[in-house]
Amino acid sequence: MVRKRVKREVRGCVSAHARANESVAEKVLEVARRRGFIWQSCEIYGGVSGFYDFGPLGTLLKRNVENAWRRFYIKEGFYEIETSCIAPRAVFEASRHLECFADELVRCERCGAFFKRENLERCPECNGTLRFEGTFNLMFQTHIGVMREADAARAAGTAEASRKSERGEAYLRPETAQGIFVDFVRLLKFNRDKLPFGIFQIGKAFRNEISPRQSLIRLREFTLAEAEVFVLPEEKNKHPRFHEVADRMLKLVPSSEEGASKASEVSEASEASAEEGEALSVSVGDAVRNGIISSEYLAYHIARVQEFLESVGILKHRLRFRQHHKEEMAHYAVDCWDAEFWSEKYGWMEIVGIADRGDFDLTAHSTASNVSMAVRNDRGEKVIPHVIEPSYGIDRIIYAILESAFHEEQVSAGKEEKRRVLRFKKEIAPVRAAVFPLLNREELKRKAEEVFNMLREEMQKQGAIVVYDDSGSIGRRYRRQDEIGTPFCITIDYETLENDTVTVRDRDTMQQKRVHIGELTAFLNVG
């Protein structure tokens with residue numbers, strides 16, 4: 001069995017849509033590279049495909065998104081844990097990743113390059129014929145302990161030697177979830193044997209992709225933010241806070257004709273998607289009542305995913321939720337919906353997966369470890385809890401935010417000058433404000449540094465960054481801050497020396513307002 005992980009989010013190699021919009025993505029990535037958001041890993045050695053580094057501004061943006069996500073799920077009453085990135089073979093044998101976590105492989109007969117078998121008809125490198133080569137497991141293998149012992153065990157060839165070798169065999173995790181599942185017994189005790197409860201973690205995951213070629217969209221090392229919600233199977237249609245989201249509207253693409261028919265019956269409006277069928281606008285409550293989404297718990301977390309993505313700057317009209325077809329469903333999933341973002345370059349691309357994992361994981365680990373993971377329901381019966389999992393690809397979300405925030409616009413009529421601006425939400429912007437002296441004169445610089453030091457101390461308490469810049473003309477300084485998405489620019493001028501007011505320029509409107517220095521901190525938080 002091969003897990004068909006990449007669905008319809010990135011189709012083929014270069015679609016007509018991608019070619020038509022190449023310039024938009026290239027501009028986004030050019031700004032991201034030049035301004036210190038993302039760089040190719042090991043660039044001075046030619047780079048390594050599927051690995052990227054986050055520069056100073058990219059790291060600030062990423063941390064702000066992660067912290068926003070952390071606060072979002074703490075508000076749900078969930079606890080955070082941190083588990084190991086490496087686990088022994090037994091863990092991934094039980095989870096069936098060693099068996100199922102694989103992609104189909106093709107090889108070009110002309111140039112010998114390997115590719116993942118998707119919708120490719122010809123080799124994207126040389127247009128040669130592609131030949132099927134079998135399956136390729138995506139797990140990164142390593143070994144725990146001294147390798148010489150393992151080598152000697154393999155060389156001995158006996159059953160005992162083989163067992164010793166396997167004891168040291170380990171793998172980098174392809175998802176953070178398994179660490180939570182193997183800790184379930186302790187987590188249940190921590191929660192005083194009561195369900196439901198939620199656990200989340202943010203961390204690195206690793207997949208040895210066959211041919212990653214799409215910047216932050218397809219990586220071999222990436223960050224996942226995953227929540228695992230444990231609930232009794234008979235309680236999945238009784239979410240205590242479902243009423244909070246029942247009237248919210250979702251754009252849904254059901255996997256089956258039956259589901260699409262049900263959705264169209266209760267849909268308020270429909271919107272043709274660029275790639276397949278129609279996305280139907282359906283309320284969360286109607287989606288559950290009509291069996292389009294299988295349970296209240298799953299629907300609740302789909303709605304919360306939409307809420308979070310909008311809160312970090314991804315526009316609602318560029319989001320939809322697409323249900324997995326049976327042939328692409330992960331081996332552990334009972335049902336799964338992807339939050340997909342409409343990219344100017346890649347078309348619809350998955351950025352979050354929301355899965356009903358049923359009792360697959362806990363049953364698998366209970367069987368393999370011989371440790372019971374059953375709980376008692378209200379009738380005193382032993383049952384294995386089910387799991388609802390929203391799994392966020394942080395790197396893909398960062399790309400979606402960059403593309404959503406990027407704007408190029410004419411500064412004024414009759415002039416050729418254009419400005420590039422990243423319109424980040426102020427809560428996630430790498431830099432909240434920049435402080436300038438209007439002119440490079442000592443009296444203005446002294447006052448600007450005084451305001452900067454005051455603001456830096458105040459804003460750091462809230463985890464926000466303030467920078468100082470006196471290099472170049474005021475216009476150039478504005479443009480630099482526009483390109484990195486700084487919401488506010490504060491200019492100290494001669495009026496500041498007279499009455500302690502400063503000019504605050506808004507990034508998006510470019511309008512300026514005078515604000516008293518004593519009110520600056522509050523203005524930057526609200527303005």
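**Inside a predicted model**

Trainee: Buried or exposed: which is K62?

Mentor: K62 has a relative accessible area of 5%. The cut-off for burial is under 20%, and this is a predicted model. By that cut-off, K62 is therefore buried.

Trainee: Which residues does K62 touch, not counting residues up to four places away in sequence?

Mentor: K62 sits in helix α3, residues 56-74. One residue it touches is I394, which is 332 residues away in sequence but 7.7 Å away in space, C-alpha to C-alpha. With neighbours up to four places away left out, the full list is F54, T223, I394, D395 and I398.

Trainee: What does Q306 touch, with the same neighbours left out?

Mentor: Q306 belongs to helix α12, residues 296-311. Its relative accessible area is 6%, so Q306 is buried. Not counting residues up to four places away in sequence, it touches M249, L250, K316 and F321.

Trainee: Which element gives the most to the largest nonpolar core?

Mentor: That core has 78 residues, and those with the most contacts inside it are L309, Y392 and F424. The element that gives the most supplies nine residues, and it is α12.

Trainee: How many residues are in the other core that lies apart from it?

Mentor: Among the members of this other core are A448, A464, V502 and L520. One of these, A448, is a buried residue of helix α15. The count for this core is 20 residues.

Trainee: How far apart are the end C-alpha atoms of helix α15?

Mentor: Helix α15 covers residues 442-460, which is 19 residues. At 1.5 Å a residue the helix should span 27 Å. The distance in the model agrees with this, at 26 Å.

Trainee: Within what arc do the buried residues of α15 fall?

Mentor: The buried residues are L444, K445, K447, A448, V451, F452, L455 and M459. Seen down the helix axis, they line one face of α15, because they fall within an arc of 160°.

Trainee: Which exposed residues does the face turned away from the buried side of α15 carry?

Mentor: The buried side of α15 is covered by elements including β23, β24, β25, α17 and α18. The face turned away from that side carries the exposed residues R446, E457 and Q460.

Trainee: Stacked, tilted or edge-to-face: what is the pair of F436 and Y478?

Mentor: A pair of aromatic rings is described by the distance of the centres and the angle of the planes. F436 is buried at 0% relative accessibility, and Y478 counts as buried at 10%. The ring centres of F436 and Y478 are 5.8 Å apart. Their planes stand at 55°, so the pair is tilted.

Trainee: How many residues apart in sequence are the parts that F436 and Y478 tie together?

Mentor: F436 lies in strand β23, whereas Y478 lies in helix α16, residues 474-484. The pair therefore ties together parts whose separation in sequence is 42 residues.

Trainee: Which residue of β9 stands opposite P88?

Mentor: Strand β4, residues 86-88, is joined to β9 by three bridges, and the two run antiparallel. Strand β8, residues 141-143, also has three bridges to β9 and runs antiparallel to it. On the β8 side, H143 stands opposite E169. On the β4 side, the residue opposite P88 is A170.

Trainee: Which residues of β9 are buried?

Mentor: Strand β9 covers residues 169-172, and both of its faces are covered. One side has E169 and Y171, and the other has A170 and L172. The buried residues are thus E169, Y171, A170 and L172.

Conventions: Residues are numbered from 1 along each chain as its sequence is written. This is a predicted model: local features need pLDDT of at least 70, side-chain atom pairs count only at pLDDT 80 or more; totals for chains, interfaces and linings use all residues. Side-chain values use heavy atoms; hydrogens and water are left out. Buried means under 20% relative accessible area, exposed over 50%, partly exposed in between (1.4 Å probe, protein chains only). Helices (H or I, at least four residues) and strands (E, at least two) are DSSP runs, numbered from the N terminus. Two strands pair if DSSP finds at least two bridges between them. The expected span of a helix is 1.5 Å times one less than its number of residues. The arc is that of the directions from the helix axis to the C-beta atoms. Contact means heavy atoms within 4.5 Å. A nonpolar core is a set of buried Ala, Val, Leu, Ile, Met, Phe, Trp, Tyr and Cys residues joined through side-chain atoms within 4.5 Å. Rings of Phe, Tyr and Trp (its six-membered ring) pair if their centres lie within 6.5 Å; planes under 30 degrees apart count as stacked, over 60 as edge-to-face and the rest as tilted.
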